[in-house]
Amino acid sequence: MAKVALRGVRKLYGSQVAIESVDLEIADGEFVVIVGPSGCGKSTLLRCVAGLETLSGGSIHIGERDVGGLEPGERNVAMVFQNYALYPHMTVFENMSYGLRIRRMPKSEIAARVDRAAGILGLGELLGRRPRELSGGQRQRVAMGRAIVRDPEVFLFDEPLSNLDAKLRSQMRIELRKLHGRLATTSLYVTHDQVEAMTLANRIVVMNAGRAEQIGSPAEVHGRPASRFVAGFIGSPAMNIVRGRIDERGLALPDGGRIDLADPALRPWVGREVDVGMRPEHLRPGPTEGAAIVATVELVEMLGADTIVHARRGDTQFVARLHEGEAPALDQQVGLTPMAGTLHFFDPETGRRLEAGHREP
Amino acid sequence: MVENRRGFRIACHLILLAGVAIVAFPVWLTFVGATLTAEEILAAPMPVVPGDRLVENMSTVLSSGTERASSAPVSTMLFNSLVMALVIAIGKIVISMLSAFAIVYFRFPFRVTAFWLIFVTLMLPVEVRIVPTFQVVSDLGLLDSYAGLTLPLIASATATFMFRQFFMTVPDELVEAARMDGAGPMRFFFDILLPLSRTHIAALFVILFVYGWNQYLWPLLITTQESMYTVVIGIKRMITGGDAATEWHLVMATAILALLPPALVVLLMHRWFVKGVVETEK
């Protein structure tokens, strides 16, 4: 186990910038999830740590070692690939022990390590099988087993659950958490699935266009998104973001309409154009008189405990997450009001979060 | 086919049977010829049922060849053919796998040029370059030797191209997983790429073995001693021109012997590589 330090990590493909510059310190035993849309550079960053890509700039330290010039096999890291990358002609045992055999570990030690990992993952019965005789979930376990037996300083996961069906995915997510609780190995995990990010991570790195938009705990990233991008990316359904000019009574929209917001949080931004973010779960339904937003219900999605309501006001679509039984009827006018203290403000130009404490000129 | 009428099916089978007969009849005649005596085979309508001299004819050619044309025993020729076919098949597979490995997995200057050079030689069969090749082999003193028989035929653009195409279908993640496990390039080649290529190797071996076995022009040019004849050349030498009567029964026996090893290789390996293809592992 070790801490990992990325300093000014930069990766170019020709003149194409894949990673602009990322600084990240991962504490010993921490589980860090990198999340972002496809093409944001998250997998590239992971592959840089693995040593499968060479850096164009910056440095990566694992423990006290600068691993810049080291081959992947010399970095003492293990990786779990999205498509598992099991060796098809080897049995489960051979797959898991291949890295150890290359390191010329004594046979008895190899057997002991594989047995232990197989025990943890419930693979005992399958050690003699070939990958093609296994189900997706079992292959996934073998891929993890191959990483565990190496007893590495760092685990790297490249979207390891995205090839599984939804039910298996949530099951494996729980197992991954338990596994990390048990092994406490420093882990770096890449996913595009924010649910995985929120549930697995000690800290989340939200990446966009080669930059880390925000690095923080799941609660911070969800509760105080550092930018409009993070706000829109984390949270499902996505945050409602409307642009307008703040005045004393609320938000004047470009189309001439208004959203009346009686929220003291507005005060610092009066007279200024901002992006206002409202999470769907923070919009409360009510009578149309006195409501902040009056919109027409276009679609109602019943999810069981919750109901997602899509409503339109002029050109703007609003999504609200309501409780069971609160759902309005289709085509009906509904009043939606954000709960006090739940608004987020973003600079329309830079997209950065605006905080009341330090107002920009 | 959507057609499933009885008459149609009978017609199909008749056509197929006719095709089989056309292909099989000469082989049958060869076999019958190998079982007759010299006199019987020259009788006006040649018999179409086997005689009783098969074992005798076979042992004659295997031990002492023909009496009048060439006295080299066919067993020596079969051995020469076997060496030639095996060295060519195995050599081609080894060389082309390594070249394809280099081209697909390593970045080096003129990599693409190297690939195209190999690819271009696809268009140059032995016959086209036969005069300069003969000169080179002759200057190297390799006439009448196994090296001379095999070396000029051993590089294969076709096999290199085939392995290249196969290697490109091997997922990159496997290479990366092997690198993470600490395997160097040759370790990856022997532990992962080679086992994955088994079925391709088997298929190529069949094709290349038959190719090497059936070489005619090249061994004809560079072998002058009977002890270096391959069996294909041997058959040609047995058919005498001029005064001496060709001992057709012995020629036929030799032809059957020449036919067996490639047929055997095809039959045995065929089962093996069909099994492999069905169990596609990727």
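Two strands pair if DSSP finds at least two bridges between them. The exercises below apply this definition, and others, to a predicted model.

**Exercise 1. Determine how many bridges join β4(A) to β5(A), and place both strands in their sheet.**

Solution.
Step 1. Strand β4 of chain A covers residues 57-62, and 2 bridges join it to β5(A). Because at least two bridges are required, these strands count as a pair.
Step 2. The two strands run antiparallel. Within β5(A), R65(A) is the bridge partner of I62(A).
Step 3. The open sheet consists of 4 strands of chain A in the order β2-β1-β4-β5, with antiparallel pairing.
Step 4. Its edge strands are β2 (16-26) and β5 (65-66) of chain A, each of which pairs on one side only.

**Exercise 2. State which strands of chain A pair with β11(A), and in which sense.**

Solution.
Step 1. Strand β11 of chain A spans residues 240-247 and pairs with strand β14 (residues 273-278) of chain A over 6 bridges, in the antiparallel sense. I241(A) has G277(A) as its bridge partner in β14(A).
Step 2. Strand β12 (residues 250-252) of chain A also pairs with β11(A) in the antiparallel sense, over 3 bridges. Here A252(A) in β12(A) stands opposite R245(A).
Step 3. The connection from β11(A) to β12(A) is a hairpin through 2 residues.

**Exercise 3. Decide whether S97(A) is buried or exposed, and identify the residues it touches.**

Solution.
Step 1. S97(A) belongs to helix α2 of chain A.
Step 2. There are 25 other C-beta atoms within 10 Å of S97(A). The cut-off for a buried residue is 20 or more, and therefore S97(A) is buried.
Step 3. Leaving aside residues up to four places away in sequence, S97(A) touches I110(A), V114(A) and V149(A).
Step 4. I110(A) lies 13 residues from S97(A) along the chain, and their C-alpha atoms are separated by 6.5 Å.

**Exercise 4. Describe the length, the bend and the covering of helix α1(B).**

Solution.
Step 1. Helix α1 of chain B comprises residues 6-33, which is 28 residues. From its first C-alpha to its last it reaches 39 Å, close to the 40 Å expected at 1.5 Å a residue.
Step 2. At A24(B) the helix α1(B) bends by about 35 degrees. A proline, P26(B), follows within four residues.
Step 3. Of the 28 residues of α1(B), 2 are buried, and the helix is hardly covered.

**Exercise 5. Characterise the side of chain A that touches chain B.**

Solution.
Step 1. The contact brings together 18 residues of chain A and 16 residues of chain B.
Step 2. On the side of chain A, β6 (77-80) and α2 (92-102) each supply at least two residues. The element that gives the most is α2(A), with 3 residues.
Step 3. Sorted by class, this side of chain A has 11 nonpolar, 4 polar and 3 charged residues.

**Exercise 6. Give the domains of chain A and describe the contact between them.**

Solution.
Step 1. The domain assignment divides chain A into domain 1 (4-232) and domain 2 (239-346).
Step 2. Taken over C-alpha atoms, the centres of domain 1 and domain 2 of chain A are separated by 39 Å.
Step 3. Domain 1 of chain A contributes 5 residues to the contact, and domain 2 of chain A contributes 6 residues.
Step 4. The side of domain 1 of chain A that touches domain 2 of chain A has 2 nonpolar, 2 polar and 1 charged residues.

Methods: Residues are numbered from 1 along each chain as its sequence is written. Chains are lettered from A and ligands numbered from 1 in the order in which they are written. This is a predicted model: local features need pLDDT of at least 70, side-chain atom pairs count only at pLDDT 80 or more; totals for chains, interfaces and linings use all residues. The expected span of a helix is 1.5 Å times one less than its number of residues. The bend at a residue is the angle between axes fitted to the seven residues ending there and the seven starting there. A residue is buried if 20 or more other C-beta atoms lie within 10 Å of its own, exposed if 12 or fewer, and partly exposed in between; C-beta atoms are placed from the backbone. Two residues are in contact if their C-beta atoms, placed from the backbone, lie within 7 Å. Ala, Val, Leu, Ile, Met, Phe, Trp, Tyr, Cys and Pro count as nonpolar, Asp, Glu, Lys and Arg as charged, and the others, Gly among them, as polar. Domain bounds come from an automatic or database domain assignment.
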